[in-house]
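Reader: I have a structure to look at and do not know how to read it. Where should I start?

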Amino acid sequence: MAFTLERLHDEDAITRLIFAYCTGIDSGNFDDTARLFTQGTWFLNPETPCSGFEAVSTFLHENVILYGDVPATRHTVSNIRIDISDDRSRAQVRSYVIVFQSVPGAAPHIMFQGAYDDTFARTNGQWHFHERRIETDGTADMSLHLKSVQAVGS
């Protein structure tokens with residue numbers, strides 16, 4: 001796809017969705033994150049897909065540990081590479097993620113690092129998550145973040 005004003009708008013919209021995912025989790029507004037998957041699937045790991053708002057919302061509300069009203073995390077996303085199809089209907093995106101956590105009584109630490117492999121679709125002129133796959137490079141003690149540490153991915 002040529003470098004155009006439309007491409008800049010598409011990249012901005014997609015980047016905002018990536019950041020909205022992080023903000024929803026970090027702020028404890030899990031339904032905001034879940035709404036991003038109304039038309040999509042979030043793969044916590046290859047064997048655990050969550051499709052649609054209800055599945056993602058249920059997972060987050062039932063599994064993420066809160067400290068007050070928040071999970072005490074900070075998702076930091078970098079190295080975002082966006083490849084948009086020529087017809088602007090799909091985009092493949094890869095980004096790196098590091099999740100910091102600072103809970104009461106524990107030292108701040110990196111609890112997760114990996115990459116997001118995302119597919120976005122454009123419907124009626126609006127971009128949305130089609131799939132998010134999480135690739136894990138390393139985790140620390142996830143027991144302060146997830147009630148079930150077997151559901152690795154953040």
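**The core and what surrounds it**

Author: Start with the core of this predicted model. The largest nonpolar core has 33 residues, and those with the most contacts inside it are Ile14, Tyr21, Trp42, Ala91 and Phe120.

Reader: Which helices and strands each supply at least two residues of this core?

Author: Helices H1 (5–26), H2 (30–35) and H3 (52–63) each do. Strands S1 (41–45), S3 (73–84), S4 (90–101), S5 (109–123) and S6 (126–139) do as well. H1 gives the most, with six residues.

Reader: Which residues does Ala91 touch?

Author: Leaving aside residues up to four places away in sequence, Ala91 touches Ile14, Ile82, Asp83, Ile84, Asp118, Thr119, Phe120 and Trp127.

Reader: How many helices and strands does the chain have?

Author: There are three helices and six strands. Along the sequence their pattern is α-α-β-β-α-β-β-β-β. The chain is as compact as a globular protein of its length, because its radius of gyration of 16 Å is close to the 15 Å that the globule rule gives for 154 residues.

Reader: What share of the residues count as buried?

Author: Of the 154 residues, 44% count as buried, that is, under 20% relative accessible area. The chain exposes about 7,800 Å², and carbon and sulfur atoms supply 51% of that area.

Reader: How many side chains are positive and how many negative?

Author: The chain has 12 positive and 20 negative side chains. The centres of the two sets lie 3 Å apart.

Technical notes:
Residues numbered from 1 in each chain as written. Predicted model: local features only at pLDDT ≥ 70, side-chain atom pairs only at ≥ 80, totals over all residues. Heavy atoms only, no water. Helix = DSSP H or I, 4+ residues; strand = E, 2+ residues; numbered from the N terminus. Rg over C-alpha atoms; globule rule 2.2 N^0.38 Å. Buried < 20%, exposed > 50% of the residue type's maximum accessible area, 1.4 Å probe, protein only. Areas by Shrake-Rupley, 256 points an atom, 1.4 Å probe, with all protein chains shown as cover. Lys, Arg positive; Asp, Glu negative; His and termini not counted. Charge placed at Lys NZ, Arg CZ, Asp CG, Glu CD. Core = buried A, V, L, I, M, F, W, Y, C linked by side-chain atoms within 4.5 Å. Contact = heavy atoms within 4.5 Å.
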